[in-house]
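Here is a walk through a two-chain model, one chain at a time and then across the places where parts meet. Have the structure open and follow along.

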Amino acid sequence: TPTLCFCPLGILFMGFMYSKCGQWELKTSTGRQVRSLHQSAARAGGAGLFVHRDTTDNNPETPFEFTPENLKRVEAIINNYPQGHKQAATIPVLDLAQRQHGWLPISAMNKVRTKGNRHEQTPCLSKPFHFLFLHSGIKVGETTPDKLFTLAEVECLGACVNAPMVQINDNYYEDLKPSDIEQILDELNAGRVPPPGPRNGRFSCEPAGGLTSLTEPPPGPGVGVRADL
Amino acid sequence: MLSCVGCPVLSRVLSGGASRLPAVAAAASRTPNPSTSLSAGSSVALVRYNTTAQQEKPKKTKFGPLADQDRIFTNLYGRHDWRLKGALSRGDWYKTKEILEKGVDWILNEIKVSGLRGRGGAGFPTGMKWGFMNKPSDGRPKYLVVNADEGEPGTCKDREIMRNDPHKLVEGCLVAGRAMGARAAYIYIRGEFYNESSNLQVAINEAYGAGLIGKNACGSGYDFDVFVMRGAGAYICGEETALIESIEGKQGKPRLKPPFPADVGVFGCPTTVANVETVAVAPTICRRGGTWFAGFGRERNSGTKLFNISGHVNTPCTVEEEMSIPLKELIERHAGGVRGGWDNLLCVIPGGSSTPLIPRHVCDDVMMDFDGLIQAQTGLGTAALIVMDKSTDVIRAIARLIEFYKHESCGQCTPCREGVDWMNKMMWRFVKGDARAAEIDMIWELSKQIEGHTICALGDGAAWPVQILLPQGLIRHFRPIMESRIAEFEQKQQAKA
């Protein structure tokens, strides 16, 4: 439930306010960092607070252990790095922990050392994505009550020629219109994973009107190769 | 257009092979001879008599469009098989053993002759950079680190290489690694590119399975390993020293240079950090010859480049084109032209958000290469074009870019951490007009205090977009927009009062 937020000095923090169904909520127009004090571990800013706060779900006692299969993966990852520098495996192993658990509890971080929820949706900065807020009913930084979706606004996802786009967990959904997003969210709600990629008919990053380059079949090995090799 | 090169006695001969003409007067007063008039764009042989100097090759004046057989990334659009079988059929891994056996000096020479410049944004001559590693070993292994972080807003080219043509990158790692005497390559790919890194890892596994890398790579006797390391979503980790820190498992905070990575890099060992595209074109350069690559583009700006064209164009796309192609031709030929026609163009950011934007009158005839854009007081960067038409609120666009830099600042040094946040707050007030006219000069001064005073170039990248709003001999029409907005806001406030 939306709550009014007070900064520690007890002064009401006035951001950009708007009313939804008669309840006041604190929101910034582009999901920028908001200072607020919540009772729950709810988020501020684009993707969450950057400081851990213990809650009943997420504290150093939260049970987390790598499965035996994943422990083998951890070993394989650690072996990629030279002796004396095994600290380098931090990020890949944390990522593995997140994939196993669905999100990363502080106890897992303490075992190794980022937070996420089951379906992380992240639109990038290139084109405004306001209709995502409306359809899912949540705002940037929030999670839906069924804990299925979290909305995070990130800075850049590296798919600029396919904008507007979102990243949902590991998949990029590109070239979107509002109706596409509704379709995607409905499919996810139904428990299916929609196929990633552009939704406007093109295959990847080629010009939508038709190929302007690479119209001939690619040359085979040895074409153009110098004679003295 | 031919320019006189200073020889006092010249005669012009048409390439069709006309007879010897009498010597023409000295360079200062050349009267045009109707019988040797030239049409624009034709190439003419300049024959110098009474001189032992070498004849010059005719200088190329028209750049682009590229023919398909000259394109390096033949599976850019993913229509063919990206795995080993498909890669082999497209010419990858062909005679790699012979290239490796030619040795370090040969490979480095080919890269130098090709004139390849770094494709990650800085444009440093690659042959020179890789040559810094060509020193006797002091016991520490050398490493190649491939920068696949691709965080620059506007850029999405390395993604296509890694998911559609990963074997070019793997082979490139081997060839580049050999050129530097490296023991292994770490490809640092941004965490968001899960599917791309997955394709890349499959390609690496296939290469290991076929004996192309690993022990005795390609049967040449050289051992070489390739590892993929996924990042976790930080733009600053695209900076080479921050990337090295991140690989080492620490926070991605840039180091001071010197010491340079070629002396002290990843795990304390000599390292070269190179962009994906730079490494991926190396085998093709070695196979087809450095002179072939140097045949594209202007002098010192040679080769082909992947361009990303996004924004207010009709068909945004990624395309491989010749360097020095005119901006207008690039947009019109491949991106379907500007939305609403060329006259609807306001400005273009030519190389990712860290490069200053160029206004319409510069866009009309600027060439897309390093030197041409430096002359236009911007830079080629990663060749990620962001096209903005007249419907753009340019102040809001720049404000959003500064917000990006503010979020992505690592926080190590004060000018960036404090200064970029300060600029960000000011810019958002400029968007509304809630400022005083004197603050326009203040933000200029602020950006000058940040630029050049930071540990890494993120500070510069944040300062330059702001500077472009001021009429320092470049953009004359954005300051008036800012001032008029301030005046409007003031009027509204007074009307309320």
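Trace chain A along its sequence and you get the pattern β-β-α-α-α-β-α-β-β-β-α-β. That comes to five helices and seven strands. Of the 229 residues in chain A, 44% are buried. Bear in mind throughout that this is a predicted model.

Chain B has 497 residues, with 58% of them counted as buried. Its secondary structure amounts to 18 helices and 14 strands. If you look at contacts in chain B between residues at least 6 apart in sequence, 69% of them link residues at least 24 apart. The chain splits into three pieces: domain 1 covers 68-295, domain 2 covers 304-389 and domain 3 covers 395-496.

**Between domains 2 and 3 of chain B**

Start with the boundary inside chain B. The C-alpha centres of domain 2 and domain 3 of chain B sit 24 Å apart. Nine residues from domain 2 of chain B and twelve residues from domain 3 of chain B make the contact. About 990 Å² is buried between domain 2 and domain 3 of chain B, and carbon and sulfur atoms account for 73% of that. Which three residues of domain 2 of chain B supply more of its buried area against domain 3 than any other three? They are S353(B), S354(B) and L357(B), with 44% of the area that domain 2 of chain B buries there.

What about polar links? Between domain 2 and domain 3 of chain B there are two residue pairs in polar contact, and zero salt bridges are found. On the domain 2 side of chain B, the residues touching domain 3 sort into six nonpolar, three polar and no charged ones.

**Between the two chains**

Now for the interface of chain B and chain A. Here 71 residues of chain B touch 54 residues of chain A. Together chain B and chain A bury about 5,300 Å², and 57% of this area lies on carbon and sulfur atoms. D68(B), Y77(B) and R400(B) are the top three contributors on the chain B side, supplying 12% of the area that chain B buries against chain A.

The link between the chains includes six salt bridges. One to look up is the pair E155(A) and R400(B), whose closest N and O atoms are 3.2 Å apart. So R400(B) turns up twice: in that salt bridge, and in the trio that heads the buried area of chain B against chain A; the salt-bridge cut-off is 4 Å, which the pair meets.

Polar contacts across the interface of chain B and chain A come to 25 residue pairs. Which helix of chain B gives the most residues to the side that touches chain A? It is α14 (residues 394-408), with six residues. By class, the chain B side of this interface has 25 nonpolar, 21 polar and 25 charged residues.

The two interfaces can be set next to each other:

| Interface | Buried area | Share on carbon and sulfur |
|---|---|---|
| Domain 2 and domain 3 of chain B | about 990 Å² | 73% |
| Chain B and chain A | about 5,300 Å² | 57% |

**Backbone oddities**

A few backbone spots deserve a click. Most residues other than glycine have a negative phi, and most peptide bonds are trans.

In chain A, the peptide bond between A163(A) and P164(A) is cis, with omega about -10°. P164(A) falls in the loop between β4 (149-151) and β5 (166-168) of chain A. Chain B has a cis bond from P258(B) to P259(B), with omega near 5°. You'll find P259(B) in the loop that runs between α8 (240-247) and β7 (271-275) of chain B.

Then come the positive phi values. K95(B) is not a glycine, yet its phi is near 60°. It lies in the loop between α1 (84-89) and α2 (96-102) of chain B. Is K95(B) buried or partly exposed? K95(B) counts as partly exposed because its relative accessibility is 29%.

R300(B), also no glycine, has a positive phi of about 70°. Its loop is the one between α10 (290-294) and β8 (304-311) of chain B. With a relative accessibility of 59%, R300(B) is over the 50% cut-off and therefore counts as exposed.

Technical notes: Residues numbered from 1 in each chain as written. Chains lettered and ligands numbered in written order. Predicted model: local features only at pLDDT ≥ 70, side-chain atom pairs only at ≥ 80, totals over all residues. Heavy atoms only, no water. Domains from an automatic or database assignment. Contact = heavy atoms within 4.5 Å. Buried area = accessible area lost by both parts, 1.4 Å probe. Salt bridge = Lys/Arg side-chain N within 4 Å of Asp/Glu carboxyl O. Polar contact = N/O pair within 3.5 Å; in protein donor to acceptor, adjacent residues only side chain to side chain. Nonpolar A, V, L, I, M, F, W, Y, C, P; charged D, E, K, R; others polar. Helix = DSSP H or I, 4+ residues; strand = E, 2+ residues; numbered from the N terminus. Buried < 20%, exposed > 50% of the residue type's maximum accessible area, 1.4 Å probe, protein only.
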